[in-house]
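Work through the exercises below with the structure in view. Try each task before reading its solution.

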Amino acid sequence: MPGVSARRLSHEERRQLAVNLTRVVTLYRSILDAYIIEFFTDNLWGTLPCSWQEALDGLNPPQLATLLLGMPREGEVARYRSVWPLTLLALKSTAYALAFTRTPGFQTPSEFLENPSQSSRLTAPFRKHVRPKKQHEIRRLGEGHLSRFMSLGLGLMVKSIEGDQRLVERAQRLDQELLQTLEKEEKRNPKVVQTGPRHPPHHVVRWVDPMTLCEELLLPLETSPQSRARLLLTGLHACGDLSVALLRHFCCCPEVVALASVGCCYMKLSDPGGYPLSQWVAGLPGYELPYRLREGACHALEEYAERLQKAGPSLRTHCYRAALETVIRCAQPELRRPGVQGIPRVHELKIEEYVQRGLQRVGLDPHLPLNVAALRAHQAQENRVVAFFSLALLLAPLVETLILLDRLLYLQEQGFHAELLPIFSPELSPRNLVLVATKGPLGEAFSLLETEDN
């Protein structure tokens, strides 16, 4: 997906981008703030301009991927069956033009050309227990897997902070398992495996408060009498406020000289406190990003476009859930958007069967009399549901861009140089934008990050 590169923007251009983003988000807030499960109860289709309805109505999922999301199949040429209204074309162009580009400086990761499940850039011991997505991430950026690779694979002194004791204990078991495997390989072939002492990550059980400094985080593992400690803070998909905590530690602590952070779970940001961080964004009209907008920014645009191209039966899930919401509201009007535990194999169920199972999961009588004709009428609008959700996904990267741009501007307001660029393949890792900052020149760091084979 095309977009704007943060690296090519001056400080003033970044500020102007924030202005443009807040204006566009305000203009299309009704789409971004909508819950797709309320498609029927809130008549979401009727909230769109009539000309948009005419253009989108009847488009099948592959056409939505190609024409609306701009993600055609390889070699496919986009062909419009009708003339789209200028307002819809403007929305599409604006979404492309203002979002940070998510396309890295490489196409299909070469590490998976031979085997889609095994990165050729990691040896077998470091691939064990690690899904392909994580294999790609830790090799590009180098969560316990990241710290394990940095310490035992790169020979760095690493401290890993985790709030869940159970996860720490599991990470320590995996550390020891990897150590034993590496020792065995070293005995078999000492020339291939790195020799010398190996230090597993130093794990600390600790919750990090985003508003206060964590002294444990800043204590070095070893000190040199000749020089003070120099620390790199790294967060691979640091959830919610943890990304904010990393930024504040970087700004406030002289021991921290560099930062590499990939954020996620924007809906878990504190409000206020987690966004906005910069004075510039906080002073703009329309800067507010409520929960629904931040949650939408966490969706996987490329993955959904691929699902659209395949036009599989799993796409009907949103339609079924929206139909269930109409039954829930009739049975218990005060119950709105309740969580429905995953219903397996939805695509194999009739819509009335899904509704019955859904009612049971929210504590309602699954044997309530159902208007099957009304449910089937909802099911007939499946493509409209998919089209509306695709519109929201088209706009969602603008929200992520505003959140990350706010962090860039915050670091610049504190007097630091910071950059942002796509580092992972978005098909493998949707949250693929890394924020890098140093208390010195950034050129060397970025030349390393922008090449695939670093």
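**Exercise 1. State how much surface the protein chain exposes, and what share carbon and sulfur atoms supply.**

Solution. The protein chain exposes about 21900 Å². Carbon and sulfur atoms supply 52% of that area. Accessible areas come from the Shrake-Rupley method with a 1.4 Å probe, and for residues only the protein chains shown count as cover. Now turn to burial: 51% of the 454 residues count as buried. Buried means under 20% relative accessible area, exposed means over 50%, and partly exposed lies in between (1.4 Å probe, protein chains only).

The model is predicted: local features need pLDDT of at least 70, side-chain atom pairs count only at pLDDT 80 or more, and totals for chains, interfaces and linings use all residues. Residues are numbered from 1 along each chain as its sequence is written, and side-chain values use heavy atoms, with hydrogens and water left out.

**Exercise 2. Count the helices and strands of the protein chain.**

Solution. There are 19 helices and six strands. Both are DSSP runs numbered from the N terminus: helices are H or I with at least four residues, strands are E with at least two.

**Exercise 3. Describe how helix H11 packs on helix H18.**

Solution. Start with the geometry. H11 spans residues 241–252 and H18 spans residues 382–413. Their axes come within 11 Å and cross at roughly 15°. Axes are lines fitted to C-alpha atoms, for helices over the stretch in contact, and angles run from 0 to 180 degrees between N-to-C directions. The angle makes H11 roughly parallel to H18. The cut-offs are under 35 degrees for roughly parallel, over 145 for roughly antiparallel and 65 to 115 for roughly perpendicular, with the rest oblique.

Next, the hand. The crossing of H11 and H18 is right-handed. That word applies if the near helix is turned clockwise from the far one by less than a right angle; anticlockwise is left-handed.

Then list the residues. H11 contributes Ser243, Val244, Leu247, Arg248, Phe250 and Cys251, while H18 contributes Arg407, Tyr410 and Leu411. Contact means heavy atoms within 4.5 Å. Finally, sort them: six are nonpolar, one is polar and two are charged. Here Ala, Val, Leu, Ile, Met, Phe, Trp, Tyr, Cys and Pro count as nonpolar, Asp, Glu, Lys and Arg as charged, and the others, Gly among them, as polar.

**Exercise 4. Do the same for helix H4 and H18.**

Solution. H4 covers residues 61–68. The axes of H4 and H18 lie 10 Å apart, at an angle of about 25°. That makes H4 roughly parallel to H18. H4 passes H18 in a right-handed crossing. From H4 come Pro61, Leu64 and Leu68; from H18 come Asn383, Val386, Ala387, Ser390, Leu391 and Leu394. Seven of these contact residues are nonpolar, two are polar and none is charged.

**Exercise 5. Is Arg292 buried or exposed?**

Solution. Locate Arg292 in helix H13, residues 291–296. Its relative accessibility is 8%, so Arg292 counts as buried. Leaving out residues up to four places away in sequence, Arg292 touches Leu32, Asp33, Ala34 and Tyr35.

**Exercise 6. Examine the backbone in the loop between strand S4 (256–264) and helix H12 (279–282).**

Solution. Begin with Cys265, which lies in this loop. Its phi is near 50°, a positive value in a residue other than glycine. Move on to Pro272, also in the loop. A cis peptide bond joins Asp271 and Pro272, with omega about 5°. End at Pro276, placed in the loop between S4 and H12. The peptide bond from Tyr275 to Pro276 is cis, with omega near -5°.
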